[in-house]
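Me: I'm new to this one and would like to get the labels straight. Could you take me through it, and tell me each time what a word rests on?

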Amino acid sequence: MIALMAKGKERRQARYRIYSTVAAALILGLATVALVVFRQVGESQLEERVYVSPPKTLQHLAKAQQRFRTQDLDGDGQPNFATSLAALEDAQCITSRLASGEVQGYAYAIEHGDLMGYAITATPLSPRPGLLGFYMDQTGVIRARDGARADADCEIYYHPVHGQLWASR
């Protein structure tokens, strides 16, 4: 009788271990799914707030470049700026959508990045009059050109100290 009771207790303990293992696996699976969903929701909310306009996106990229430089996120021991959007994505400074280079009808590119500075462009995928191309460097000054790709010689659109200056619109 005692032997039968011991076997019953062992079976219950074995069932309990199996149930516990299955429950732990389910919880872990649900937690993983929740993290993936929350990350996607977080990225989409970020994209809705930050990627609404090229100037706002360029300002976000400026912050990402500053973080990349000050925290030496490429680990080379040099306080340099990122040379590509992929480098900013690898350092988890920007989302994969922005790293792809195309957001809200604009193509974004880091034209150069080194110890001294960087230049980033936002060019309309379908350039036409009334649609601005943008250029920004490490000074935070955003320049614009109507209907075409912008560069360092274009009219100032936004100045970090003086604000919006674009007179051509």
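Me: Why does Gln 92 count as exposed?

Reply: Gln 92 has 65% relative accessibility. Exposed means over 50% relative accessible area, buried means under 20%, and partly exposed is in between (1.4 Å probe, protein chains only). So at 65%, Gln 92 falls under exposed. Before we go on: this is a predicted model, where local features need pLDDT of at least 70 and side-chain atom pairs count only at pLDDT 80 or more, while totals for chains, interfaces and linings use all residues. Residues are numbered from 1 along each chain as its sequence is written, and side-chain values use heavy atoms, leaving out hydrogens and water.

Me: Where does Gln 92 lie, and what is its phi?

Reply: Gln 92 sits in the loop between H3 and H4, and its phi is positive, about 60°, although it isn't a glycine. That's worth pointing out because most residues other than glycine have a negative phi. Gln 104, in the loop between S1 and S2, is another non-glycine with a positive phi, about 50°.

Me: How many helices and strands are there, and what makes a stretch one or the other?

Reply: Helices are DSSP runs of H or I with at least four residues, strands are runs of E with at least two, and the numbering starts at the N terminus. On that basis the protein has four helices and seven strands. From the N terminus, the order is α-α-α-α-β-β-β-β-β-β-β.

Me: How do you know that S5 and S6 pair?

Reply: Two strands pair if DSSP finds at least two bridges between them. S5 and strand S6 (residues 155-159) are joined by three bridges and run antiparallel, so the rule is met. As one example, Ala 144 stands opposite Glu 155 in S6.

Me: And what about S6 and S7?

Reply: S6 and strand S7 (residues 163-164) have two bridges, again antiparallel, so they meet the cut-off too. Tyr 158 has Gln 164 in S7 as its bridge partner, and the two strands form a hairpin with three residues between them.

Me: Why do S1 and S7 stand at the edges?

Reply: The open sheet has seven strands in the order S1-S2-S3-S4-S5-S6-S7, with antiparallel pairing. Strand S1 (102-103) and S7 each have a single partner strand, so one side of each lacks a neighbour in the sheet.

Me: What makes S4 largely enclosed?

Reply: Six of the six residues of S4 are buried, so the rest of the structure largely encloses this strand. Both faces are covered: Leu 132, Phe 134 and Met 136 are on one side, with Gly 133, Tyr 135 and Asp 137 on the other. S4 pairs with S3 over four bridges and with S5 over five, both in the antiparallel sense. Phe 134 is the bridge partner of Ala 122, while Gly 133 is matched with Arg 145 in S5.

Me: What is a nonpolar core, and which residues touch the most other members here?

Reply: A nonpolar core is a set of buried Ala, Val, Leu, Ile, Met, Phe, Trp, Tyr and Cys residues joined through side-chain atoms within 4.5 Å. The largest one has 29 residues, and Leu 58, Leu 61, Leu 88, Ile 94, Tyr 108 and Phe 134 touch the most other members. H2 gives the largest share, five residues. In general, nonpolar side chains tend to be buried together in soluble globular proteins.

Me: Which residues is Leu 88 in contact with?

Reply: Contact means heavy atoms within 4.5 Å. Leaving aside neighbours within four places in sequence, the contacts of Leu 88 include Leu 61, Phe 68, Ile 94 and Ile 110.

Me: Why does Val 22 count as partly exposed?

Reply: Val 22, in helix H1 (residues 2-50), has 45% relative accessibility, so it counts as partly exposed. Across the protein, buried residues make up 34% of the 169 residues.
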